[in-house]
Amino acid sequence: MRAERLNERIIITGGLSIALRRSARARRMILRVPRDGGDAVLTLPPWAVLADGLAFAESRRDWLLQATARRPAPLRAEPGALLPVEGRARLLVEAATRTARLEGENLLLPRNRPAGPVVQAFLKHLAHDRLRPACDSYAAVLGRPVRAISLRDTRSRWGSCTSQGRLMFSWRLAMAPPEVLDYVAAHEVAHLAHMDHSPRFWAAVADLMPGYGAHRAWLRLHGGDLMAWKFRD
C-alpha cells in the first residue's frame, strides 16, 4: 500500500502522539504501532476527515497504550552491543579490519567508522547471500521464475512479491535464524503461483517447507526484537 505522508499529528487522551497518513487505497481507518519503536500511525482513507480519525483513535486508546507498552526498547548497533546474526548473539568489537567480518563469536568492525551503517551494510550483504540461493531453489521446485530480488528496511512486512515475479525482503532477516529466513523466502516464492493467502497458497508453502509453522511463529514472537535495532540516528 502506498501512503501519502502528512505533516499532521493528533494527541489523544493521556498524551499519546499519533502520526497521520492518508492512502488512496485504504478502505477503512487503520491504526498500528510500528515494531521499530516509532510512534503509532493512523492511516486514513480519502473520505475520512480529521475528526473521524481522532474519534477512532480515542476509541482504541486502551489498545494503543497496551501496544506501545509492549514495544521493545530501541537497541543501538554500536561497539559492545550483542547483535543477533543468523540467530546467534555476536559481540560488536572494533578491530584493525577494513570491512565488517565474523570471527568466532564476535562481529569485527573497522575502527574510525560509524558502527551502525557498517553493520547495516554487512547484514544487507549477508541477507542477499542467503536469500538469493534460497529463492532460486524454491522457485525451481515450484517451476516459476524469480525476476529480481531487492532488499529494503521495511517496517510492516518481511517480504513481498509482485505479479511480475519481483521479490522484496527486509535485510533484517539476516539477524533471524537461517531457517526463519528460509521460511520467508519460501513464503514469497509461493506467491509466484498464488497471489493471495488462500488454502492453495499455504499448501504451496507447506510443499516447499514442511513444518513452516514453527518458523512463522518465531517471527511473530521475536520479529519485534529485530525491528528494535537502530543503525542510524
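1. Serine 160 is buried in this predicted model. Its relative accessible area is 16%, and because the cut-off for buried is under 20%, the residue falls on the buried side. Serine 160 belongs to strand β11, which covers residues 159–161. Setting aside neighbours within four places in sequence, the contacts of serine 160 are Arg166, Leu167, Met168 and Glu188.

2. One of those contacts, Leu167, also appears in the largest nonpolar core, which has 53 residues. Leu167 is listed there with Leu83, Val119, Leu123, Phe169 and Phe231 as the residues that touch the most other members. Elements giving two or more residues to this core are the strands β6 (82–85), β9 (106–110), β10 (148–152) and β12 (166–170), together with the helices α3 (115–142), α4, α5 and α6 (213–227). Helix α3 supplies the largest share, 12 residues.

3. What does valine 119 touch, leaving aside its neighbours within four places in sequence? Its contacts are Ala77, Leu83, Leu92, Leu107, Leu109 and Phe231. Two of these, Leu83 and Phe231, are named alongside Val119 among the residues of the largest core that touch the most other members.

4. There is also a second, separate core of 15 residues. Among its members are Ile10, Leu31, Leu44 and Ala48. As background, nonpolar side chains tend to be buried together in soluble globular proteins.

5. Helices α4 (residues 178–190) and α5 (residues 199–208) pack against each other, with an angle of about 135° and axes 9 Å apart. That angle makes α4 oblique to α5, because it lies outside the ranges for roughly parallel, roughly perpendicular and roughly antiparallel, the last of which starts over 145 degrees. The crossing of α4 with α5 is right-handed.

6. Which residues make the contact between α4 and α5? From α4 come Tyr183, Ala186, His187, Val189 and Ala190. From α5 come Phe201, Trp202, Ala204, Val205 and Leu208. By class, nine of the contact residues are nonpolar, one is polar and none is charged. Both helices also give two or more residues to the largest nonpolar core.

7. For the protein as a whole, there are six helices and 13 strands. The C-alpha trace spans about 55 × 45 × 30 Å along its principal axes. Of the 233 residues, 45% are buried. Among contacts with a separation of 6 or more, 47% are between residues 24 or more positions apart.

Methods. Residues are numbered from 1 along each chain as its sequence is written. This is a predicted model: local features need pLDDT of at least 70, side-chain atom pairs count only at pLDDT 80 or more; totals for chains, interfaces and linings use all residues. Side-chain values use heavy atoms; hydrogens and water are left out. Axes are lines fitted to C-alpha atoms, for helices over the stretch in contact, and angles run from 0 to 180 degrees between N-to-C directions. Helices (H or I, at least four residues) and strands (E, at least two) are DSSP runs, numbered from the N terminus. Angles under 35 degrees count as roughly parallel, over 145 as roughly antiparallel, 65 to 115 as roughly perpendicular and the rest as oblique. A crossing is left-handed if the near helix is turned anticlockwise from the far one by less than a right angle, and right-handed if clockwise. Contact means heavy atoms within 4.5 Å. Ala, Val, Leu, Ile, Met, Phe, Trp, Tyr, Cys and Pro count as nonpolar, Asp, Glu, Lys and Arg as charged, and the others, Gly among them, as polar. A nonpolar core is a set of buried Ala, Val, Leu, Ile, Met, Phe, Trp, Tyr and Cys residues joined through side-chain atoms within 4.5 Å. Buried means under 20% relative accessible area, exposed over 50%, partly exposed in between (1.4 Å probe, protein chains only).
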